[in-house]
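User: I would like a close look at one helix and the core around it. Please set the scene before going into detail.

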Amino acid sequence: MKNSPARVLAAIDQYGREKAFLMNVGHEKGRIVTDIIAQRKPSIMIELGGYVGYSTILFADAVRKAGGKKYLSLELSPTFATVSKALVQLAGLDDIVEYMIGPCRDSLRALRSTRSGALDLIFLDHAKFAYTNDLKLCEELALVGQGTTLVADNVICPGNPKYLEYLRSPPAKKIEEAKTVEAEKSVDVSIGNPRLIYDTSLVYGLAPTGEQIGWSGNLALFRGVDGQSIGQEESIHSF
């Protein structure tokens, strides 16, 4: 099993089937993301929410195979991060994986202080209520820009309508909403970059168990296109 990402992932899958349910992205949905990694060939990819390391191992392995340099896992829980680190080391991926442990927004700000330019690929799988505000922070920090690809899990079930609405809204609407946020002066609420628009796709997949349970497996893909245009394109793919 040592230095074999595939065997470590298989062991995690087996544990999730036979011992206790794990909130992992799973093989079926994971394959969609690894295909994107192979196509985009990101130099640096980050995940917001690493849990016990399943997505970290699966996607970091794909990033390395695609010629990438670094996979960053942002995880709130020190306990989960400890488990993830052990499994990543067992899989032989500790040379490419780095961890930032603590509140996501603190980690994003720290990341901005150490690098410049937009990220190539971001996987969102942390607290669903935080998707929109944390994405807006990424926009403010210029971590999201032209050509950035966002992959967000579970936007249909359990659902994240506010996130989808924000991504699909034209710049004019976002600008008006930003004025409201500024007027309210809420604590640590981000305005984002209202002029950033996205091409969007919804992808339906399977649950981690491999079963199709309602809309339980879904990913939203957003590719940033920086510009002044209010128009945007949307395509929906079902699998």
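Analyst: This is a predicted model. Its pLDDT averages 84, and 83% of the residues score at least 70. Two stretches fall below a pLDDT of 50. One is residues 209-217, which has 17 contacts in the model beyond near neighbours in sequence. The other is residues 227-239, with 31 such contacts. Where pLDDT is low, predicted coordinates should not be read in detail.

Now the overall layout. The protein has nine helices and eight strands. Of its 239 residues, 51% are buried. The accessible surface is about 11,400 Å², and carbon and sulfur atoms account for 55% of that area. Among contacts with a separation of 6 or more, 78% join residues 24 or more positions apart.

The part to look at closely is α3, residues 54-65. Start with its length. The helix has 12 residues, so at 1.5 Å a residue it should span 16 Å. The C-alpha atoms at its ends are 17 Å apart, which agrees.

Next, its cover. In α3, 10 of the 12 residues are buried. The buried run begins with Tyr-54, Ser-55, Thr-56, Ile-57 and Leu-58. Phe-59, Ala-60, Asp-61, Ala-62 and Val-63 are buried as well. The list therefore mixes nonpolar residues with Ser-55, Thr-56 and Asp-61, with buried meaning under 20% relative accessible area.

Nonpolar side chains tend to be buried together in soluble globular proteins. Here, the largest nonpolar core has 30 residues. Seven of them come from α3, the largest share. The helices α1, α2 and α4 (78-91) and the strand β4 (121-124) each supply at least two residues too. Ile-57 and Phe-59 are among the residues that touch the most other members of this core. Ile-37, Met-45, Tyr-71, Leu-93 and Val-97 complete that group.

Val-97 shows how α3 meets its surroundings. Not counting residues up to four places away in sequence, Val-97 touches Thr-56 and Ala-60, along with Tyr-71 and Val-88. Thr-56 and Ala-60 are both buried residues of α3. A second core is separate from this one. It holds 29 residues, including Ile-44, Leu-111, Leu-135 and Val-144.

What lies on either side of α3? Tyr-51 sits in the loop between β1 and α3. Its phi is near 50°, a positive value in a residue other than glycine. Most residues other than glycine have a negative phi. Tyr-51 counts as buried, at 16% relative accessibility. After α3 comes Gly-67, with a positive phi near 90°.

Lys-41 makes a useful comparison with Tyr-51. Lys-41 lies in the loop between α2 (26-40) and β1 (44-48). Its phi is positive too, about 50°, although it is not a glycine. But Lys-41 is exposed, with a relative accessible area of 52%.

Another helix offers a further view of burial. In α8 (residues 161-168), Tyr-163, Leu-164, Tyr-166 and Leu-167 are buried. Seen down the axis, the buried residues of α8 fall within an arc of 160°, so they line one face of the helix. Pro-161 and Lys-162, on the other side of α8, are exposed.

Finally, Ser-4 lies in the segment before α1 (5-18). Ser-4 counts as buried, at 18% relative accessibility. Leaving aside neighbours within four places in sequence, Ser-4 is in contact with Leu-90 and Ala-91.

How values were computed. Residues are numbered from 1 along each chain as its sequence is written. This is a predicted model: local features need pLDDT of at least 70, side-chain atom pairs count only at pLDDT 80 or more; totals for chains, interfaces and linings use all residues. Side-chain values use heavy atoms; hydrogens and water are left out. Buried means under 20% relative accessible area, exposed over 50%, partly exposed in between (1.4 Å probe, protein chains only). Helices (H or I, at least four residues) and strands (E, at least two) are DSSP runs, numbered from the N terminus. The arc is that of the directions from the helix axis to the C-beta atoms. Contact means heavy atoms within 4.5 Å. Accessible areas come from the Shrake-Rupley method with a 1.4 Å probe; for residues, only the protein chains shown count as cover. pLDDT is the predictor's confidence in each residue, from 0 to 100. The expected span of a helix is 1.5 Å times one less than its number of residues. A nonpolar core is a set of buried Ala, Val, Leu, Ile, Met, Phe, Trp, Tyr and Cys residues joined through side-chain atoms within 4.5 Å.
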